[in-house]
Amino acid sequence: MSDFRVPAGDPDGLRSVVTRLSRLSETVGETRSSRLRSAGQDAAAGLPAARVAAFAGARSDASKATGAIGLSLVAVGGALVDYADALQTAQQAVRDAAARYDDAQELWRQARRMGEPELTERYRQDMDRQARRAGTAQADLATARQRTAAALNDETEVWAPGAGSLAPVEAWQRATAAMLPPTASIDPQKLKELFSNPDVTLARETATNAVKGAAKSYALYGIVNYARSPALSARAEAKLLKARDLYQSLKGGAPDLDDPATYRKYIKAERAMLKAYMSDNPADVMRAQRHFRMLRGMQGEARALANVARAHPALTPAQIRGTAGRFDKLMRPVRAAGPVVARVMGPVSVAVGGYDIYTAATDSGMATDDRWARGVGGAASVAGGVATTLVAVGLVSNPVGLAVVAVAGVVAVGAWAYENREAIAAGAGKIAAGAKKVWKGLFG
Amino acid sequence: MAFAGGDPARLRAASRALGTLAEGLTDDALAARDRGREAAAAAGDGHIAQLAESALAAVGGALVATAVVVSGLAQGTTTASDQLVGATGGPR
């Protein structure tokens, strides 16, 4: 049976969406990524030395994450424009076939009335041909529909595994939850409201409040990037498959490499494939490499490698080290000094932090607020110094433990203390006496 | 003394930049959601409409999470700046 129904849809409307998606992908993948990098560098440059290592690891991954989101937007745009093209082609073909079928049918009726068997047969064949054209157009669109559905489903899977068949709001909720640790979880109902509410202020407040509930920003940052490895890995794998397909299709077509244009295209595809291959790491390899980069600054290459190898026994040392970056050689002297500095500076930080606590507890000439500021700062230094020392001597090597011990505790204590400074000041007298006893007990 | 180095003013500036960035990422999340709805309206096919809206909703959700992370980084940077100022007795 002939299907001359023109497929529904607005190809130009879809292309307009793709144009706006393309701008959004540039904003997220390039502008935001670049600003995140530069603001991260500024923050790292302004941080006390003891905190830079933890911050720097997270900073280097930040632009990668926004870059991956930018690529995802490009992929969705590519799938939609593919469907828009197929839809437009099918709509035109079906309309054209339907019009020609109507013409042929009219002629066939006339020929039959006039008793012209040859013409009748010819117009009937025309009618069949147009019906087949419409059928082919519908089938081509169905193929494009499958291709587009697979591509869109793949992108959903990257950010919200298993959400392809769910309602959009559930994909939205799942993608957010998948990337945040429980300490920073957003109320699912709030997320749902965010999805249906056009209020930008509400959205901004939701993001800010989620963090206030956690107050563990650096650890959160490190852990989220660590947890995001599978998603980034999936993107890398998708890129590799695409680049490999392009390369293989060129190679399989026996290209004429004497032709400069073909040669350039071939080399470009080969490089893209190799580049994608170099960055194609399964999730466990990416995690191991991230873990290794976090540790080696404080433990040295050999010890960090041994610790990571224990956590990832299936990986070779080369896989754990990963590809040496452009600045790898330049940074070797700095990394070589890292473990020594960490071993020395950890205890130093504990000592001077303790001194600050002691000063805060004993110096009655200072204002109460300042004494507490110094005390909190001292506590932070002690915590940071302890964490640095633990990592340097190899007692802490798990990346989540490292992030939590080295930084989250410090920031959480500091943030809480500053936010509740007035209330704390009220109890200052009682606790100061206790602190004096502790200091004397520890250091005489 | 207890902090090896550190620049509170620079941290404040970085915190402001990160806070603005988090707001921008939130706006991007809502834009991705809106593009999903527009794509669904233009798709014609119900299955493609649902998948397009879901894919862009998932990307939008990822952007919300990124905004939360960057917002956290901004707040943490402010806290670090406050701690530095308090510990060194410098001006606020």
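Start by selecting A:Y83: setting aside neighbours within four places in sequence, A:Y83 is in contact with A:L14, A:L141, A:A144, A:R145, A:T148, B:A43, B:D45 and B:I48. Contact here means heavy atoms within 4.5 Å.

Before going on, some ground rules. This is a predicted model, where local features need pLDDT of at least 70 and side-chain atom pairs count only at pLDDT 80 or more, while totals for chains, interfaces and linings use all residues. Residues are numbered from 1 along each chain as its sequence is written, chains are lettered from A and ligands numbered from 1 in the order in which they are written, and side-chain values use heavy atoms, with hydrogens and water left out.

**Stop 1: around A:Y83**

Keep A:Y83 selected and colour helix α2 of chain A, residues 49–113, which is where A:Y83 lies. Helices (H or I, at least four residues) and strands (E, at least two) are DSSP runs, numbered from the N terminus. A:Y83 counts as buried, at 2% relative accessibility. For that label, buried means under 20% relative accessible area, exposed over 50% and partly exposed in between (1.4 Å probe, protein chains only).

Now add A:A144, one of the contacts of A:Y83. The C-alpha atoms of A:Y83 and A:A144 are separated by 6.1 Å, although the two residues are 61 apart along the chain.

**Stop 2: B:D45 and A:R145**

Two more names from that contact list, B:D45 and A:R145, are worth showing as sticks. They form a salt bridge, with the closest N and O atoms 2.5 Å apart. The cut-off for a salt bridge is a side-chain nitrogen of Lys or Arg within 4 Å of a carboxyl oxygen of Asp or Glu. B:D45 lies in the loop between α1 and α2 of chain B and A:R145 in helix α3 of chain A, so the pair joins two chains. B:D45 is buried, with a relative accessible area of 17%, whereas A:R145 is partly exposed at 29%. While you have salt bridges on display, also pick A:D12, A:R15 and A:D85: salt bridges that share partners join these residues into one network.

**Stop 3: along α3 of chain A**

Select helix α3 of chain A, residues 117–159, and show A:R129 and A:D126, which both lie there, 3 residues apart, about one turn of the helix. Their side chains meet in a salt bridge at 2.2 Å, N to O. Both ends are partly exposed: A:R129 has a relative accessible area of 40%, and A:D126 has 21%.

**Stop 4: B:D28 and A:R32**

How many salt bridges does a search of the whole structure find over all chains? The count is 16. For another one, zoom to B:D28 and A:R32, whose side chains meet in a salt bridge at 2.6 Å, N to O. B:D28 lies in helix α1 (residues 8–43) of chain B and A:R32 in helix α1 (residues 11–46) of chain A, so this pair joins two chains.

Are the two partners buried or exposed? B:D28 is buried, with a relative accessible area of 4%, and A:R32 is buried too, at 14%. Expand the selection around B:D28 and, beyond its neighbours within four places in sequence, you pick up contacts with A:L24, A:T27, A:V28, A:R32 and B:L63.

**Stop 5: chain B as a whole**

Hide chain A for a moment. Chain B has 2 helices and 0 strands. Of its 92 residues, 66% count as buried. Among contacts in chain B between residues at least 6 apart in sequence, 75% join residues at least 24 apart.

For an example of two residues separated in sequence, select B:V69 and B:A22: they are 47 residues apart along the chain, with 8.0 Å between their C-alpha atoms. B:V69 lies in helix α2 (residues 46–88) of chain B and is buried, with a relative accessible area of 2%.

**Stop 6: colour by confidence**

Bring chain A back and colour by pLDDT, the predictor's confidence in each residue, from 0 to 100. Chain A averages 69, and 48% of the residues score at least 70. Which element of chain A has the lowest mean pLDDT? Helix α17 (residues 428–443) does, at 36, while α3 has the highest, at 93.

Then select residues 212–233 of chain A, where pLDDT stays under 50 and the model has 72 contacts beyond four places in sequence. Residues 324–342 of chain A also stay under 50, with 16 such contacts. Where pLDDT is low, the predicted coordinates should not be read in detail.
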